[in-house]
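Reader: I am new to this structure and would like to know what stands behind the terms used for it. Please take them one at a time.

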Amino acid sequence: MCGIICYLGDRPSLPILLNGLRRLEYRGYDSSGVAVAVNEKIHCRKAVGKISDLAGLLGDKPWTGWGGIAHTRWATHGVPSPENAHPHGDCRDRIFVVHNGIIENYRQLREELRDKGHRFRSSTDSEVLAHLIEEYYRGDLEDAVNSALQRVDGTYGIGVISAGNPSQIVVARLGSPLILGIRDREIFAASDAAALMSHTREVAYLHDGEVALLKPGSYRIRTLSGMPMNRSVQTLDWDMSSAEKRGYPHFMLKEVHEQPEVVGEAIRGRLIEAEGLAKLGGVERVWSRLRNMRRLIILACGTSYYAGLLGRYVIESCTNYPVDVDLASEFQYRKLNLQARTAVLAISQSGETADILAVVREVKRRGALSLGLVNVVGSTVARLTDAGIYNHAGPEISVASTKVFVSQIAILYLVGLLLGRHQQMSLSEGQEFVHELRALPGRMRSMLARAPAIEEIARRYARHRNLLYLGRRFSYPVAMEGALKMKEVSYLHAEGYAAGEMKHGPLALVDESFPTVCLAPRDSVYRKMIGNIQEIKSRKGPVIAVGTEGDTHLAELADDLIEIPQCGEMFTPFLSVIALQLLAYYVARERGCDIDRPRNLAKSVTVQ
Ligand code: G6P
């Protein structure tokens, strides 16, 4: 969602800030802005639309200031407009603030500040921060920010600059991420490592309830109550090339093609072939609690939720543990007995999704074991949970998640193997499982080689208005994820369904203008899927089938067939999901959509 980048150093700040904003574009935004300190004055420009619109406004006479703050906004309070975009200034344009998060008591603060004579220019909650800091400012920016934050209810990641202290920036966080980047005589702060990576790998994470005073090349962190904090610098191991398109027209296509390597990374060093075992270092500390759990609850949102749904089928196939999967946003309303023998696994690419953070905090409070499956190292979920596993998938830039989905499912398969081998799964079953996992990258590469055929099919269906996706057992979550991908990137109405539910509703929609994508690999539910396809065909519905290579019966039945390589029944999702990702991608391209940044969507949903 919203993104922050701040810079102080010995180079002109404007190009660095604009470049940082471009790196944050993938998170989703509708407007942007920048404020730079020049000769004890702050210059600020804001624009609706793309970063290129903002850069256009700034023209070819860049301000030569060495420090500044910048922001990409995704509207929550107030429409996208230059007034509502950040940075927000105080009454005299001496203090400017960029803010991610939500100020819950902003109405009350705004009334109070209005009564004191402050003039507001936007309809955002964030603007109160600039005026509140102005109210407390007596020459020391850090003190003023600290006092202002004592009055605030809600969540924030902020960057503040003032004309009175042009060689300082103050940043603070509560529930919204902020990372400091350090390089020689320079200091950066950003909501997302992607904005820092081209400058430095040396980072320090700010924690909730902390305020940092930044000066060129140095930082000092204190808690809101004034206690000094030591924070060591860590080196980011993300590869810069992950944030570049490397010749692909879109990040989504690049990330789809990275999937064989991503699965390779997810399983690297985590399999013991001879013993048919998985090894997950991140959960070793809590192994006895995990092993003795009575049930596992998986919580997630969006694509991560569908990974969790598949995880349930896999873990239940491998073990005796009952597995529950819920949307983090709905879990909050359920009345469950969460005790010490319940383990909760939160799956989140970003580790910052607001609904996930809310449930993880609740789960911890109630004494259950909390685990995280997270891609972003050092993210809030990674820090809040008792133990966890990292994806090591590298930064995912496209808003629609692809490579992290396959990484998540690869790790859930490892969890299934790990737990299963301590229960009834035999040595030979374990070895076979390891063999199938190891074979995946190669099989996924041959799947990707079928992209031209999928592109051809996509062209034929790109002008339809609706699509139904059906699957059973392991293919059911893939159908759901395939439909989500299509909705997100092509704006077609796509609905995922358990194939067994077809006759309970969706069949009424089927006619010659309503195509269905049927996942029908040769597995234990194949015959039932063929039955579904026949029912659709007898109502003249076009069928795009995803099936096992060489399946002539399916080829005759379906209008179009996307073949996947032969593999064990449980492992087909790794291949069929590629088919559906590519189908969504090529349909979206055919329809001229903004594939990497779909309208209205954000990479990380940091508000509930
Ligand atoms: C947003 C993103 C999705 C993602 C979902 C959950 O909607 O656009 O791609 O699946 O959030 O995000 P998380 O970071 O928690 O996995």
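Author: Helices and strands here are DSSP runs, a helix having at least four residues and a strand at least two, and they are numbered from the N terminus. The model is a predicted one.

Reader: What is the place of Pro249 in those terms?

Author: Pro249 is in the loop between β15, residues 234-235, and α6, residues 251-257.

Reader: Why is Pro249 called partly exposed?

Author: Its relative accessibility is 47%. Buried means under 20% and exposed means over 50%, with partly exposed in between. The value for Pro249 falls in between, so Pro249 counts as partly exposed.

Reader: How far apart are Pro249 and Asp596, in sequence and in space?

Author: Pro249 and Asp596 are 347 residues apart in sequence, and their C-alpha atoms are 9.9 Å apart in space.

Reader: Why is Asn39 called exposed?

Author: The relative accessibility of Asn39 is 73%. Exposed means over 50%, so Asn39 counts as exposed. Asn39 is found in the loop between β2 (31-38) and β3 (41-48). Its phi is positive, about 45°, although Asn39 is not a glycine.

Reader: What makes Asn600 exposed?

Author: Asn600 has a relative accessible area of 63%. With the cut-off at over 50%, Asn600 is therefore exposed. Asn600 lies in the segment after α19 (573-590). It is not a glycine, yet has a positive phi of about 65°.

Reader: Which peptide bond is cis, with omega near 0°?

Author: The bond from His86 to Pro87 is cis. Pro87 is in the loop between β4 (67-73) and β5 (88-89).

Reader: Now the ligand. What makes the pair between Ser348 and the ligand a polar contact?

Author: A polar contact is a pair of N or O atoms within 3.5 Å. A polar side-chain atom of Ser348 lies 2.6 Å from an oxygen atom of the ligand, so the pair meets that cut-off. A polar side-chain atom of Thr353 lies 2.5 Å from a ligand oxygen atom, and a polar backbone atom of Gln349 lies 2.7 Å from one. The ligand taken alone exposes 400 Å², of which the protein buries 91%.

Reader: Where does the ligand sit, and what surrounds it?

Author: The ligand sits in the largest pocket. The shell around it has 4 nonpolar, 8 polar and 1 charged residues. Helix α9 (residues 302-318) gives the largest share of that shell, 3 residues.

Terms used
Residues numbered from 1 in each chain as written. Predicted model: local features only at pLDDT ≥ 70, side-chain atom pairs only at ≥ 80, totals over all residues. Heavy atoms only, no water. Polar contact = N/O pair within 3.5 Å; in protein donor to acceptor, adjacent residues only side chain to side chain. Areas by Shrake-Rupley, 256 points an atom, 1.4 Å probe, with all protein chains shown as cover. 1 Å grid on protein atoms, 1.4 Å probe; cavity = no way out; pocket = protein on both sides within 12 Å on 5 of 7 lines; lining within 4 Å. Sits in = over half its atoms within 2 Å of the grid points. Nonpolar A, V, L, I, M, F, W, Y, C, P; charged D, E, K, R; others polar. Buried < 20%, exposed > 50% of the residue type's maximum accessible area, 1.4 Å probe, protein only.
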